[in-house]
Amino acid sequence: MQHTICALATGAGGAVALVRLSGPEVCRLLAVLTRRPQPPEPRKQALRTIYDGDAVLDKALVTYFQAPHSFTGEDVAEFAVHASPYIKGRLLELLCQNGAVMAKRGEFSQRAFLNGKMDLVEAQGLCDLIASGNKAAHKLAMDSLDGKLSARLEEIKKRLSELLAQIEVRLDDVDEEMTPLSDDFVRGELSAVLGHIKALADTFSVGKYIKDGLKTAIVGAPNSGKSSLLNALVGFDRAIVSDQSGTTRDTVEETLEINGQKIILTDTAGIREHALDPAEKEGMRRSHRAMEAADLILFVLDASRPLTPEEQELWQDIRRQNKRTVLVWNKSDLSASRPTLQAQEQYPSVSVSCKTGDGLNALKDLITADVTEAQTADGLMISNLRHYEALLRAQTELESALIRLESHAGGEIYAEHLRRALNDLQDLIGEVTPDDVLGIIFSKFCMGK
Ligand SMILES: Nc1nc2c(c(=O)[nH]1)N(C=O)[C@@H](CNc1ccc(C(=O)N[C@@H](CCC(=O)O)C(=O)O)cc1)CN2
Ligand SMILES: Nc1nc2c(ncn2[C@@H]2O[C@H](COP(=O)(O)OP(=O)(O)OP(=O)(O)O)[C@@H](O)[C@H]2O)c(=O)[nH]1
Ligand SMILES: [Mg+2]
């Protein structure tokens, strides 16, 4: 039999705290702690005295949810108690003394999943929703939680399984009484399914930025104004600015929000050929590392003076990174013209002045351009590595199936690839996921969820 689990659902502080209880023993535990034979009417909050032996622990609002009409699908009770650390701790202790056990991370959600209240994609959405810190991340999680993403996956799955069914009945049709499927039809269906899977998998890069933040490195020659740019973007004097080259030695990181999107901004030491001392050399190694770890590079140039050979070299270095890069021509207040860089037309660029604030809004829009664009498309995105990998596996199988089809292999050969692709999609939403894998997925959820 399942244990009855309990956990604190709310965080530290606050005036009221919520303790949740789920499982077969809920009614008995309620009876013991409230000293009443009957639980409150389902889904109606009732003020109940909670007893600790003969003493009163608290007067709390208690809600009873009768299975299967609860978050987990089991009997659930919630205690909204005064948020004293003592009351919270003692209530959990009393529940455990009377037969409940402390819930593991994600165990309430896991039970909701196992009882068919949500699929694995929706459960992941729930977890992401709690962690979401801005509008974009919230929308991404909400689309997953409320089933929009699952519905899209179901559509794809349905189309694939219908195709597979048509192939399989013909494989069973030994007397060949059915009209064979034309290669054109199979190719068309396969390509369509593949297209949908690819489109969704492609949203991962942006989805990941939205969820985890866009890592942005500010790089450039000494004195070009990198630290000034960091300060201008975060809105306060975070990094030291001076007219001496080599002011910034170590990387300086700051998390901020631009156009509702999380950005992790790193200011780096200016890069020059001949570092003066070991500390500066180490600083430059860190600059390179920040550049390599970044999703986006802001290359800051001083537009008021000619380019140096070192800057040209750094530019080649940046281009080799093959990353989204924005050219930031700084100090536009000093000069109306600016030098030219090789192949600069292939990169977005903007003139700014950290001194006057000119051009900063245009730069902000360039930083978030990828995300803004993805959001104005149909908006459904994946942001979870497990989902991405499952889609990639399905994609590979379908590509193999197409190759087999072109080489006129028999239906039994490509049907196997289709079965595996279908299995990958079923794994994604949790239909065929083994228990130990489920345990790992839910153990990454937060406590009390
Ligand atoms: N107090 C409290 N607030 C909470 C939660 C909770 O568990 N407790 N939630 C925890 O995540 C979220 C709400 N999610 C919930 C989802 C389903 C059900 C539920 O009782 N479902 C039943 C009945 C549905 C209905 O009547 O429409 C069911 O699915 O059968 C409850 C909470 C956010 N706020
Ligand atoms: N006129 C003008 N001066 C600027 C502008 N931005 C930065 N400066 C000045 O340029 C100098 C260098 O600025 P920093 O932000 O320290 O430059 P940095 O790129 O971080 O330099 P290092 O840390 O040495 O690599 C300072 O004197 C700034 O005040 C600008 O837009 N206009
Ligand atoms: Mg600096």
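Q: Let's start with one side chain: which residue does the side chain of Ser22 make a polar contact with?
A: Look for a partner side chain, then read the distance. Here the side chain of Ser22 makes a polar contact with the side chain of Glu74, at 2.5 Å. Keep in mind as we go that this is a predicted model.

Q: Where in the fold should I look for Ser22?
A: Find the element that holds the residue. Ser22 sits in strand 2, which covers residues 16-22.

Q: Is Ser22 buried or exposed?
A: For this you read the relative accessible area, and buried means under 20%. Ser22 has a relative accessible area of 0%, so Ser22 is buried.

Q: Which residues does Ser22 touch, once neighbours up to four places away in sequence are not counted?
A: Leaving out those neighbours shows you what the fold brings together. Ser22 touches His3, Thr4, Ile5, Thr72, Glu74, Asp75, Val76, Phe108 and Arg111. You have already met Glu74 as the polar partner of Ser22.

Q: Let's try a charged residue. Which strand holds Asp302?
A: Asp302 lies in strand 10, made of residues 296-302.

Q: Is Asp302 buried or exposed?
A: Use the reading you practised on Ser22. With a relative accessible area of 6%, Asp302 is buried.

Q: What polar contacts does the side chain of Asp302 make?
A: Check each partner in turn. The side chains of Asp302 and Ser304 are joined by a polar contact of 2.6 Å. Asp302 also has a side-chain polar contact with Lys331, at 3.3 Å. Beyond four places in sequence, the residues in contact with Asp302 are Asn223, Ser224, Glu311, Asn330 and Lys331.

Q: Where is Ser332 found?
A: Loops are described by the elements on either side. Ser332 is in the loop between strand 11 (324-330) and strand 12 (349-351).

Q: How should I describe the accessibility of Ser332?
A: There is a middle class, between 20% and 50%. Ser332 has a relative accessible area of 24%, so Ser332 is partly exposed. Setting aside neighbours within four places in sequence, Ser332 contacts Ser351, Val352, Ser353 and Asp358.

Q: How do I compare separation along the chain with separation in space?
A: Put the two values side by side for a pair of residues. Ser332 and Gln66 are 266 residues apart along the chain, and their C-alpha atoms are separated by 67 Å. For another pair, Leu425 and Ala390, the values are 35 residues in sequence and 6.7 Å from C-alpha to C-alpha.

Q: What surrounds Leu425?
A: Begin with the element: Leu425 is in helix 15, residues 411-429. Next comes accessibility: Leu425 is buried, with a relative accessible area of 3%. Last come the contacts beyond four places in sequence: Ile156, Lys157, Leu160, Ile197, Leu391 and Ala394.

Q: Now for the whole chain. How many helices and strands does the chain have?
A: Count each kind of element: the chain has 16 helices and 12 strands. As for burial, 48% of its 449 residues count as buried.

Q: How can I judge the overall spread of the chain?
A: Compare the radius of gyration with that of a compact globule. For 449 residues, such a globule would be near 22 Å, but this chain has 29 Å. The C-alpha atoms fill a box of roughly 85 × 80 × 35 Å along the principal axes.

Q: What share of the contacts comes from residues 24 or more positions apart?
A: Among contacts with a separation of 6 or more, 65% are between residues 24 or more positions apart.

Definitions and conventions:
Residues are numbered from 1 along each chain as its sequence is written. Chains are lettered from A and ligands numbered from 1 in the order in which they are written. This is a predicted model: local features need pLDDT of at least 70, side-chain atom pairs count only at pLDDT 80 or more; totals for chains, interfaces and linings use all residues. Side-chain values use heavy atoms; hydrogens and water are left out. Helices (H or I, at least four residues) and strands (E, at least two) are DSSP runs, numbered from the N terminus. The radius of gyration is taken over C-alpha atoms; the globule rule is 2.2 Å times the number of residues to the power 0.38. Buried means under 20% relative accessible area, exposed over 50%, partly exposed in between (1.4 Å probe, protein chains only). Contact means heavy atoms within 4.5 Å. A polar contact is a pair of N or O atoms within 3.5 Å; within protein, one must be able to donate a hydrogen and the other to accept it, and residues adjacent in sequence count only if both atoms are side-chain atoms.
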